[in-house]
Amino acid sequence: MTRLTALALPLIALALAPTVARADVVARAASPDGHITLTISLDGEGRPSYAVQRNGKPLIADSRLGFMFTDAPKIERNLTLADGKQASSDTSWTQPWGEWTSIRDHHNELKLVFREKGDLQREMDVTFRLFDDGVAFRYSLPDQANLHHANIAEELTQFAFAQGGTAWWKPAYEWNREEYLYNRTPLDAVGTAQTVMTVKLADGTHVALHEAALVDYAGMNLARAEGNTFRADLTPGAGAPKVSRDAGFSTPWRTIAVADDAAGLYMNHMILNLNEPNKLGDVSWIKPGKFVGVWWNMIKGEWSWARGPKHGATTANVRRYIDFAAASGIPAVLVEGWNVGWDGNWFGNGKDMNFSQPTEDFDADGLAAYAKSKGVTLIGHHETGGSASHYDGQLDTAFKWAADHGEQVVKTGYVTDAGQIERVDADGAKHREWHEGQWMVNHYLRVVQTAAKYHVSIDSHEPVKDTGLRRTYPNWVAREGGRGMEYNAWVGGKNPPEHEANLVFTQLLGGPMDFTPGVLSLSGSEGSTIHSTIAKQLALYVVLYSPVVMAADTPENYAKYPGPFQFIKDVPTDWSDTRALNGEVGDYVTIARKAKGSDDWYLGAVGDEQARSSKVTLDFLDAGRSYTAEIYRDGPGADYRTEARHAIVIEKKPVKKGDVLAIDLAPGGGQTIRFVASGGKRKR
């Protein structure tokens, strides 16, 4: 057994006893600023655990580590600490698109090797990275004499919160995939939750549990074990092991983001920093931007995806949308239902879908040429109906067809119940998979990689959750993976006013969401009302980040609201800096962003069902420069429950750095501001 001595960095130390008679701390580490500390222990039976402290107070109590296998004994007890290494890193890197141009990656790292004392002598490596605002760790299983292949039944990873609190979470394993409202419950009342799960502890500390760099592995959920302790619950596959891989691999990172408040959680870059750098090389072909779409009338049931008298994706309709986009300075048009395969029952059965064969009433070549002549591109749509293997067989032809028709972005879809993805192996064997099982995780990445060959970006719907892979594959520009605007189209089950203030501090901590905002008519099917004011619809363009953003309403409705529509035309979708100014999970949030390539800033604020007021200091503006604030705020009496939801005030006023503005939100309301810099650069 190797004896470890103290390591060089004063904040990272290792100690190893030849034998462990009780639970002893065998390794320690700390974040660069020293506020977060980590201890690793082995108990009297050789079980490893980790614990996290913040500012000297326990945050995560002793939590287990290890694996269970379907065909071998577990790795969890009778372990000894065989080796350890430390490192420290402080670098910065540049995003090709995003909420920040430059990202700092400052962390200390501790890599430990645990070895079994028994006959098998298997090794399990655990690497911890400590940031000033969180801790992450992942396992590695090296190829070794008694472990050449790993059939993982479950991880034994735990997250034992040291105190109670309030949790915001969505249920795992339900039929509607990830499209559920967030529950707000005591921490010890959580069931099995999808990540991101956000927690406000009793002392006010905010914590978000998630994962980073999910590749060739099953997605992690959180099952409450007892009290405030949770364990990793890997998404099943079609077979017995949840993960099956040749040894010599690392798992995704398990992430624990920590902040004093909700706004602090939003400013955390850990998920991106834990992913590998860009593997695609030159990605100047990736173009963030807004789009309109042959979509909202279909969601409302007025048009159809299938061919027939209500077919939406006709040449005439699409030409009209191209004209509207060109006149509005919006660079793209999404078209759904353009291809053969939508007729009949395609839900959960997309085996008739052909992604290079348009319907006879959709002139693909002519529309591509017409769009190009207008300075507009088309966004394609590949709905698989959950028939993932059928899609796999078309990937090259589908994306070549898309590229040949000028499509820079393709929206993909996997509409089927959870656990019902159709998989067909090369030998003809048929299986049913979960959207976030290992096989589907690999499928989604195959789609992204194939699209990149043809310089096409992907906006995934019914996706695997975002774990920061947009850093490695920057053409993975957006995802759905939650309840978006489409739920507001339907008569029942609309999103409540608090929904977006929940999303910011839960799902969007993982990455961009294609929410499809901007329904200024505030009206869904059968005239049903949306629980929002007009000002809130505008604010969503700033609050809910995505580099590709839809103006979801129809041209006819936008013509009725030219004043508010001006903001939708003006707001960019790519940013050089972002500041979360305030917020409480599910109550309200205010975010400011600086447009990339411009000196202008934008502010967005949204609330919940209550009227809310806050004050923000404009300390993000440049000193010594004057700005014109173009304000879009809730009008007198505005209220999502009445016809006054359409009330809006549009005004201008001079402002400068250090000014204090009152942000008043109506029930279901919002506010957005464009700060136009005098003599500054402008960019849409």
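These legends go with a set of close-up views of one predicted model.

**Figure 1. The whole chain, before we zoom in.** Here's the lay of the land: the chain's secondary structure comes to 12 helices and 39 strands. The radius of gyration is 26 Å, close to the 26 Å that the globule rule gives for 684 residues, so the chain is as compact as a globular protein of that length. Measure along the principal axes and the C-alpha atoms fill a box of roughly 75 × 65 × 45 Å. Of the 684 residues, 63% are buried. The chain exposes about 23,800 Å², with carbon and sulfur atoms supplying 48% of that area. As for who touches whom, take the contacts with a separation of 6 or more: residues 24 or more positions apart account for 69% of them.

**Figure 2. Helix 10 alongside helix 12.** Two packed helices are described by the angle between their axes and the distance between the axes. For helix 10 (residues 534-543) and helix 12 (residues 562-570), the angle is about 5° and the axes are 10 Å apart. Anything under 35 degrees counts as roughly parallel, and helix 10 and helix 12 are therefore roughly parallel to each other. On the helix 10 side, the contact is made by Ile534, Leu538, Tyr541 and Val542. Helix 12 brings Pro564, Phe567 and Ile568. Look for a charge or a polar group among these contact residues and you'll come up empty: they divide into 7 nonpolar, no polar and no charged.

**Figure 3. Helix 10 in its surroundings, with Val543 picked out.** How many of the 10 residues of helix 10 are buried? The count is 10 of the 10, so helix 10 is largely enclosed by the rest of the structure. Lys536 and Gln537 are on the list of buried residues, along with Ala535, Ala539 and Leu540, among others. Val543, also found in helix 10, is buried with a relative accessible area of 0%. Not counting residues up to four places away in sequence, Val543 touches Tyr266, Val504, Leu508, Val589, Ile591, Arg593, Gly604, Ala605 and Val606. For a sense of scale, the C-alpha atoms of Val543 and Val616 are separated by 15 Å, and these two residues are 73 residues apart along the chain.

**Figure 4. Helix 4 and helix 5, with some charge in the contact.** The axes of helix 4 (residues 315-328) and helix 5 (residues 364-373) come within 10 Å and cross at roughly 10°. Helix 4 and helix 5 are therefore roughly parallel to each other. Thr315, Val318, Arg319, Ile322 and Asp323 make the contact from helix 4, and Leu367, Tyr370 and Ala371 make it from helix 5. What mix of residues do we get in the contact of helix 4 with helix 5? They divide into 5 nonpolar, 1 polar and 2 charged.

**Figure 5. The cis peptide bond between Thr195 and Val196.** Zoom in on the backbone here: a cis peptide bond joins Thr195 and Val196, with omega at about 15°. Val196 has its place in the loop between strand 15 (192-194) and strand 16 (197-201).

**Figure 6. Glu462 and Thr516, two residues with positive phi.** Glu462 isn't a glycine, yet it has a positive phi of about 50°. You'll find Glu462 in the loop between strand 29 (457-460) and strand 30 (476-479). Is Glu462 buried or exposed? With 8% relative accessibility, Glu462 counts as buried. Thr516 is a residue other than glycine too, and its phi is near 60°, a positive value. Thr516 lies in the loop between helix 9 (499-504) and helix 10. The relative accessibility of Thr516 is 4%, so Thr516 counts as buried.

**Figure 7. Ser49 and the residues around it.** Ser49 is found in strand 4 (residues 48-54). With a relative accessible area of 11%, Ser49 is buried; the cut-off for that label is under 20%. Which residues is Ser49 in contact with, leaving aside its neighbours within four places in sequence? The list runs Thr39, Ile40, Ser41, Asp62, Ser63, Arg64 and Leu65. Now step back to Ile421, which is 372 residues apart from Ser49 along the chain. The C-alpha atoms of Ser49 and Ile421 are separated by 36 Å.

Definitions and conventions
Residues numbered from 1 in each chain as written. Predicted model: local features only at pLDDT ≥ 70, side-chain atom pairs only at ≥ 80, totals over all residues. Heavy atoms only, no water. Axes fitted to C-alpha atoms, helices over the stretch in contact; angles between N-to-C directions. Helix = DSSP H or I, 4+ residues; strand = E, 2+ residues; numbered from the N terminus. Parallel < 35°, antiparallel > 145°, perpendicular 65-115°, else oblique. Contact = heavy atoms within 4.5 Å. Nonpolar A, V, L, I, M, F, W, Y, C, P; charged D, E, K, R; others polar. Rg over C-alpha atoms; globule rule 2.2 N^0.38 Å. Buried < 20%, exposed > 50% of the residue type's maximum accessible area, 1.4 Å probe, protein only. Areas by Shrake-Rupley, 256 points an atom, 1.4 Å probe, with all protein chains shown as cover.
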